[in-house]
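Please read the following report alongside the sequence and the model. It goes through the contacts with the DNA, then the contacts between the protein chains, and finally the symmetry.

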Number of protein chains: 2
Amino acid sequence: MEISPALNISNAEWQVMRIIWTLGQASSQTVSQLLAKKMAWKAATVKTLVGRLVKKGALTAKRDGKRYLYQPAISEQQAMNTASEMFVEQLCQHKIGKTLEKMIQETTLSQQDIQDLISMLQAKQKTAPKEVPCNCLPNKCQCQPGTCQQN
Amino acid sequence: MEISPALNISNAEWQVMRIIWTLGQASSQTVSQLLAKKMAWKAATVKTLVGRLVKKGALTAKRDGKRYLYQPAISEQQAMNTASEMFVEQLCQHKIGKTLEKMIQETTLSQQDIQDLISMLQAKQKTAPKEVPCNCLPNKCQCQPGTCQQN
DNA sequence: AAAATGAAATTACAGTTGTAAACAAAAGGC
DNA sequence: GCCTTTTGTTTACAACTGTAATTTCATTTT
């Protein structure tokens, strides 16, 4: 199910993307001004980041008089999903539940979010196993026999 | 509430940590053997990673005859929590709910995990707002007036 | 004790990231 | 059409990462 070429966006770059995702499009000056306080970045720094994001294909640039307007090439939700996938893949499946608890604890969620999450969990409950084994040791792989690449 | 000095563990290093967390302690050879298949790393690579982890303070080394046995200096759950905190901080609060849904969808959770998550969400529901505003634009900061560092 | 072995430490090296200055190009003002 | 201002492009540079070979050091075996 891997389609997108991952499009690795670094932490600093992510800050820039958030602005442009929110505004739909923005000049580098706009981004600079908005991030100046929060990040204490010089305009030059923002320009570098914007340039890298264009090169990576995360932003597209449209000329607008003397400057460019930058637009996202992928949606924020899509990027967040990809990032969360990569995040989850890296962690012990046995302990991921506790980690999700932690994340939910420290996040503000809307009534609707919570309702959706509860519904999803209730559905999941129907087929959930008693225990999720730790998958940190490669040889304890739990894949279907025959399908597993590792064995 | 920031206590730990973050202790930045890279992706490749994380693979090593998972093995040692799971075994409690391990020689670099053990780690090599376990990761050889999964990661196609040479023994030298694993040694580099182990060395860096010791330098970073993520592992401690105890002599054991000719070699060392390495032990985690922080718990896996703690490291996962720190990682998840950093992950969440970087994302749009408005869209984090959908991202959590995505994570839950693609994760296998135990009955107990699901039960705990549901309870937590039900409690959270009591004080949850109707909408969580996007916090991507610094000037739309939602902090308490007076407490906010940004304004 | 010398040799062989196995592990750790040092060195390597290119790519990414954070942070930015310097330089170049384009557009608008005069 | 030339100058200035704004914006983009190139260059910089150190730290961190992924990946490993080489060298050194400690151990075990003859």
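Which atom of DNA strand D lies 2.6 Å from a polar side-chain atom of Thr48(B)? The partner of Thr48(B) at that distance is a base nitrogen of DNA strand D.

Before going further, it should be said that this is a predicted model, in which local features need pLDDT of at least 70 and side-chain atom pairs count only at pLDDT 80 or more, while totals for chains, interfaces and linings use all residues. Residues are numbered from 1 along each chain as its sequence is written, chains are lettered from A and ligands numbered from 1 in the order in which they are written, and side-chain values use heavy atoms, with hydrogens and water left out.

**DNA strand D**

A residue is called near a strand if one of its heavy atoms lies within 4 Å of it. There are 22 residues around DNA strand D, and those that come nearest are Tyr68(A), Ser10(B), Trp41(B), Thr48(B) and Arg52(B). Of the atoms of this strand that come within 4 Å of the protein, sugar and phosphate account for 63%. Helices (H or I, at least four residues) and strands (E, at least two) are DSSP runs, numbered from the N terminus. At least two residues each of the surface near DNA strand D come from H2, helix H3 (43-56) and strand E2 (67-72) of chain A, and from helix H1 (11-23) and helix H3 (43-56) of chain B. H3(B) gives the most to this surface, namely six residues.

**DNA strand C**

DNA strand C is surrounded by 22 residues, the closest being Ser10(A), Thr48(A), Arg52(A), Lys56(A) and Tyr68(B). Sugar or phosphate makes up 65% of the atoms of this strand within 4 Å of the protein, and the rest belong to bases. The helix that gives the most to the surface near DNA strand C is H3(A), with six residues. If Ala, Val, Leu, Ile, Met, Phe, Trp, Tyr, Cys and Pro count as nonpolar, Asp, Glu, Lys and Arg as charged, and the others, Gly among them, as polar, then the residues near DNA strand C divide into seven nonpolar, seven polar and eight charged. For DNA strand D, the division is seven nonpolar, seven polar and eight charged.

The table gives some polar contacts with the DNA, a polar contact being a pair of N or O atoms within 3.5 Å; within protein, one must be able to donate a hydrogen and the other to accept it, and residues adjacent in sequence count only if both atoms are side-chain atoms.

| Residue and part | DNA atom | Distance |
|---|---|---|
| Arg52(B), side chain | base nitrogen, strand D | 2.8 Å |
| Lys42(B), backbone | phosphate oxygen, strand D | 3.5 Å |
| Asn11(A), backbone | phosphate oxygen, strand C | 3.5 Å |
| Lys42(A), backbone | phosphate oxygen, strand C | 3.5 Å |
| Ser28(B), side chain | phosphate oxygen, strand C | 3.2 Å |

**Between the protein chains**

With contact taken as heavy atoms within 4.5 Å, 63 residues of chain A are in contact with 63 residues of chain B. Buried area is the accessible area (1.4 Å probe) that two parts lose on being put together, summed over both, and for these chains the value is about 6800 Å², 63% of it on carbon and sulfur atoms. On the side of chain A, Arg18(A), Gln90(A) and Leu121(A) lose the most area to chain B, together 10% of what that side buries.

A salt bridge is a side-chain nitrogen of Lys or Arg within 4 Å of a carboxyl oxygen of Asp or Glu, and the count between the two chains is six. One of the pairs forming a salt bridge is Asp116(A) with Lys98(B), whose closest N and O atoms are 3.8 Å apart. There are also 30 residue pairs in polar contact between chain A and chain B, with both residues at pLDDT 80 or more. Among the helices of chain A that each supply at least two residues to the side touching chain B are helix H4 (76-89), helix H5 (96-105) and helix H6 (111-125), and H6(A) gives the most, with 12 residues.

**Symmetry**

Copies are superposed by least squares on the C-alpha atoms of residues with pLDDT of at least 70 in both. A rotation of 180 degrees, with 0.0 Å of shift along its axis, superposes chain A on chain B with an RMSD of 0.1 Å, and that is the relation of a two-fold axis. Ile118(A) has the C-alpha nearest the axis in chain A, at 2.9 Å from it. The copies meet through the same surface, because 100% of the interface residues of chain A are also interface residues in chain B.
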